Amino acid sequence: MKIENIQVLRGPNIWSIRRKKLIQMRLDLQEMEQRPTNLIEGFYERLEKLLPGMYNHRCSPGVPGGFFQRVIAGTWMGHVIEHIALEIQTLAGMEAGFGRTRETKTPGVYNVVFAYLEEKVGIFAAEAAVNIALALINDEEYDLEADIQKMREIRENTRLGPSTGSIVEEAISRDIPWIRLNNQSLVQLGYGKNQVRFRATMTEKTSSIAVDIASNKDETKRMLQEQAIPVAKGITISSVEGVAEAIRKIGFPLVFKPLNGNHGRGISINIQTEADAIAAYEHAAKISTKVIVEQFITGYDFRVLVIDNKMVAAALRDPAHVIGDGELTIQELIDKENTDPRRGYGHENVLTLIGIDRDTLDLLEKKGYTLETIPAKDEKVFVKSTANLSTGGTSVDVTDHVHPQNIFICERISKIIGLDICGIDIMAKNLTEPLTENGGVVLEVNAAPGFRMHIAPSEGLPRNVAGHVLDMLYPTGKSARIPIIAVTGTNGKTTTTRLIAHIVKNNGHRVGFTTSDGIYVQNNMMLKGDTTGPVSSEFILKDPTVDFAVLETARGGILRSGLGFGSCDIGVITNIQEDHLGLADIHSLDDLARVKSVVLNSVKKDGWGVLNADSEHSVRIGSKADCNIAYFSINENNPIIKSHCRKGGIAAICENGFITIQKGDWKIRVQRTILIPLTFGGTVPFMIENVLAATLAAFLWGFKTEDIKTSLETFIPSAAQTPGRMNIFEFRDFRFMIDFAHNPDGYNGIKEFLSHIDSPFKIGIIAGTGDRRDDDIRELGKISAEMFDYIILRQEKHLRGRTAENIIGLLKEGIYSVDANKQLEIVPKEVDAIKHAMSLAKPGTFITALSDVIDNAIETVQNYQEQERNGLFNV
């Protein structure tokens with residue numbers, strides 16, 4: 001077996017709209033195509049022994065053991081690998097659940113698709129599943145536990161932390177989109193101008209001054225003390241000589257902690273002797289040049305969480321410990337404690353595995369213990385000095401037991417320090433009595449406090465503290481989204497996208513849009529190139545200045561990694577025609593329609609799908625849509641339009657020379673077609689279709705027809721507004737048009753336009769694209785022969801596995817099949833072909849370059865225009 005390709009899908013895709021995170025592995029079974037599982041001796045038995053948990057995979061029988069039934073009866077290895085990939089993720093603590101395996105049009109080659117929680121783990125699982133299957137086939141030993149541990153390690157290195165993850169999960173539950181901005185914990189919630197950012201539990205509302213104060217424990221303590229908040233007695237020292245002064249002023253027992261420390265690093269507690277005090281200072285000084293020395297307060301360690309100046313949770317924290325039974329050593333007790341199913345690697349479970357480090361050994365040494373010591377029965381032995389959950393500590397929720405005065409104190413502390421999310425560490429006998437009465441003190445105030453102890457306590461009620469963060473960031477009435485109109489189809493996508501963006505901009509919005517020639521914000525190009533994939537969509541959605549997005553969405557990005565957005569308000573499908581067939585398992589118009597339907601299926605239920613009623617496959621997509629549907633047609637008598645409007649539907653049609661919105665029996669005329677520059681006086685049907693699609697989308701969003709009319713009148717086809725879309729350049733004796741037509745449907749559109757052009761001599765410059773089918777390339781030649789008097793063939797780019805001679809040969813076959821005497825010649829380079837065509841021009845000649853290198857062609861022709869104006873033109 002051979003893995004041909006592994007793709008990571010991150011958005012709505014051809015396999016699922018709801019399940020956005022999928023691995024798609026293209027797998028060639030090779031000789032295993034002839035060996036289903038029932039023909040591999042002992043395979044089922046070995047599979048069941050290695051992965052017994054797969055009994056829970058129901059598969060198509062729909063019952064426990066269903067998958068194993070398929071294996072016994074005989075199933076192909078791609079299906080088995082799909083289930084192995086899901087099972088090993090589950091064993092590593094990441095249950096994903098969804099999978100599909102489908103054979104491609106290439107015999108023996110399958111798309112194996114399965115869900116993942118962490119992207120890099122999913123990729124590893126794909127590769128490991130193939131290796132496991134091969135080992136089972138060949139009856140070889142396999143170290144499954146090594147793979148499981150590796151996936152756990154990958155997960156811990158790449159996943160969002162529990163606090164960040166809880167906020168993201170809460171956002172998802174509220175239908176708030178999110179984007180991870182780096183490979184740590186920086187996250188964007190919402191889109192465009194409505195975005196907010198946070199990192200771990202610091203938000204864009206978090207004051208940098210407040211964080212600075214909280215990070216300086218001495219400054220924090222001083223400010224709290226000045227406001228009559230009970231704090232522990234202490235001083236700050238910066239040398240070993242200061243230890244003696246601290247002992248004299250405070251007295252034993254003592255606590256030493258670095259001034260700028262975090263996560264319990266460098267802290268030593270319950271120091272009783274001068275020698276231990278010096279050692280504790282040196283330990284803390286490794287973290288910070290200044291060290292806080294405080295009175296050691298006996299009691300319990302509490303953490304109170306305050307969000308938006310309101311207390312939302314409180315927890316009793318206990319450092320990692322074991323309870324003696326009089327028989328087992330401390331090492332054995334730790335090992336036994338780590339078998340608790342609630343404990344796991346890193347953050348995978350409620351509790352973390354207890355590790356042994358210097359802190360553990362130091363604590364034991366102070367008690368005169370080692371790991372081999374056998375504690376007395378019921379003796380509590382602490383193996384960590386701090387109560388952090390990440391080192392194996394436990395937490396008990398006590399939110400409902402906090403005294404009102406303590407709530408008042410904590411909420412006041414958050415305002416004194418100025419933190420929007422604030423973790424307050426308190427040492428006290430309890431929180432049920434006021435701190436002022438039971439001697440409790442505030443030890444620290446923490447910026448970016450961890451949420452894990454509150455969202456998953458080892459005892460007590462879990463608290464949805466992330467919900468309070470979202471309430472603060474997105475209070476009632478504040479939207480997290482911006483409007484999104486997504487445009488897809490075979491031809492006309494870019495022009496329709498640009499026209500919609502023009503309408504949106506003219507209605508006072510700051511629009512960001514993506515096209516096949518670049519990314520734009522308010523008509524300012526941000527990036528140049530074919531930017532119709534998910535990365536380009538995210539570029540716009542990350543821009544904090546954009547309040548409306550219009551996104552051209554091509555099939556390549558959908559197939560490669562899914563959509564770059566979770567849902568849109570309006571989805572436009574311009575048409576579905578033959579183009580790029582035979583690539584990426586897309587062999588028919590049905591296959592192509594399946595890809596394009598991803599955009600329509602991502603439309604919100606109360607949103608709109610805008611479909612071409614003259615396109616059979618577009619109509620078919622609309623019949624299955626789960627959103628509102630509106631149609632457009634250049635033919636007012638289109639039966640789909642008639643039926644749709646009789647039922648009260650909305651459509652855009654071309655009738656009596658007008659672009660018209662029809663709503664049930666009512667008609668709203670927007671503008672005469674001949675007065676809309678993009679239609680070239682109403683002579684270009686495919687441009688009229690683009691106008692209809694854009695007009696309908698704008699109307700459905702809610703723009704007024706008079707504003708749409710103004711925008712249609714002011715959108716001028718040109719190299720600036722519609723580069724590569726019927727750009728016509730006037731010379732003294734001839735005209736030169738550049739268009740991006742690259743498939744038969746696009747060529748036929750140009751042919752229709754040229755039929756209205758009065759010219760004695762029409763020259764065409766054409767080229768093919770190597771990844772098209774032979775018949776597609778021949779068809780371009782045939783259409784060219786029908787619309788041009790003279791043809792120049794060129795082929796310098798886009799060979800894609802072919803030779804230039806092969807492509808030109810196919811074009812010539814198409815041309816000569818129409819007219820065996822058609823005049824043609826070959827000029828390989830585009831720039832040379834343009835210059836040569838101009839040299840052939842006679843008065844009234846119309847030259848058309850159907851170019852796949854738009855920028856070069858436009859720039860070349862504009863340079864010649866400039867030369868002619870300056871009297872330097874000479875070809």
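**Exercise 1. A charged pair between two strands**

Which side chain meets that of Asp-425 in a salt bridge, and what is the N to O distance? Work out also where the two partners lie and whether they are buried or exposed.

*Solution.* The structure to be read here is a predicted model. The first step is to find the partner: the side chain of Asp-425 meets that of Arg-303, with 2.5 Å from N to O. This distance is to be held against the cut-off for a salt bridge, which asks for a side-chain nitrogen of Lys or Arg within 4 Å of a carboxyl oxygen of Asp or Glu. The second step is to place the residues: Asp-425 belongs to strand E20 (residues 421-428) and Arg-303 to strand E13 (residues 300-307), so that the pair links distant parts of the chain, 122 residues apart. The third step concerns burial, for which the limit is under 20% relative accessible area. Asp-425 has a relative accessibility of 8% and therefore counts as buried, and Arg-303 is buried as well, with a relative accessible area of 7%.

**Exercise 2. From one salt bridge to a network**

Find the salt bridge between Glu-294 and Lys-257, place both residues, and state which network they belong to.

*Solution.* Begin with the pair itself: the side chains of Glu-294 and Lys-257 meet in a salt bridge with an N to O distance of 3.2 Å. Glu-294 is found in strand E12 (residues 291-295) and Lys-257 in strand E10 (residues 254-258), and these distant parts of the chain are 37 residues apart. Both Glu-294 and Lys-257 are buried. Finally, look at the wider setting: a network of salt bridges links Lys-221, Lys-257, Glu-294 and Glu-444. In the whole structure, the search finds 46 salt bridges.

**Exercise 3. Two residues of helix H17**

Describe the surroundings of Lys-493 and of Arg-498, and decide which of them has a salt bridge.

*Solution.* Take Lys-493 to begin with, whose place is in helix H17 (residues 493-506). Lys-493 is buried yet has no salt bridge, and the nearest side chain of opposite charge, that of Glu-552, is 4.4 Å away. The step of reasoning here rests on the cut-off: a salt bridge needs the nitrogen and the carboxyl oxygen within 4 Å, so a separation of 4.4 Å does not qualify. Next, ask what does lie beside the side chain of Lys-493: a polar atom of this side chain is 3.1 Å from the backbone oxygen of Gly-489, and the backbone oxygen of Thr-490 is likewise 3.1 Å from a polar atom of the side chain. Once neighbours within four places in sequence are left aside, the contacts of Lys-493 are Val-487, Thr-488, Glu-552, Thr-553, Ala-554 and Thr-574.

Now turn to Arg-498, whose side chain meets that of Asp-517 in a salt bridge of 2.8 Å, N to O. Arg-498 lies in helix H17, while Asp-517 lies in the loop between strand E23 (511-514) and strand E24 (518-521), so the pair ties together parts that are 19 residues apart in sequence. Arg-498 and Asp-517 are both buried.

**Exercise 4. Cysteines without a partner**

How many disulfides are counted, and why is Cys-422 not bonded to Cys-410?

*Solution.* The count comes to 0 disulfides. For Cys-422, the closest cysteine sulfur is that of Cys-410, and because 8.1 Å separates the two sulfurs, they are too far apart for a bond. Cys-422 is also buried, with a relative accessible area of 0%. A further case is Cys-627, which is in no disulfide, the nearest cysteine sulfur being that of Cys-568 at 8.2 Å. Cys-627 counts as buried at 13% relative accessibility.

**Exercise 5. Around Val-670**

Place Val-670, decide whether it is buried or exposed, and list its contacts.

*Solution.* Val-670 lies in strand E32 (residues 666-672). With 4% relative accessibility, Val-670 counts as buried. Its contacts, apart from neighbours within four places in sequence, are Ile-659, Thr-660, Ile-661, Thr-695, Thr-705, Ile-708, Lys-709 and Leu-712. For one of these, Thr-695, the separation from Val-670 is 25 residues in sequence and 8.6 Å in space, C-alpha to C-alpha.

Conventions: Residues numbered from 1 in each chain as written. Predicted model: local features only at pLDDT ≥ 70, side-chain atom pairs only at ≥ 80, totals over all residues. Heavy atoms only, no water. Helix = DSSP H or I, 4+ residues; strand = E, 2+ residues; numbered from the N terminus. Buried < 20%, exposed > 50% of the residue type's maximum accessible area, 1.4 Å probe, protein only. Lys, Arg positive; Asp, Glu negative; His and termini not counted. Polar contact = N/O pair within 3.5 Å; in protein donor to acceptor, adjacent residues only side chain to side chain. Contact = heavy atoms within 4.5 Å. Disulfide = S-S within 2.5 Å.
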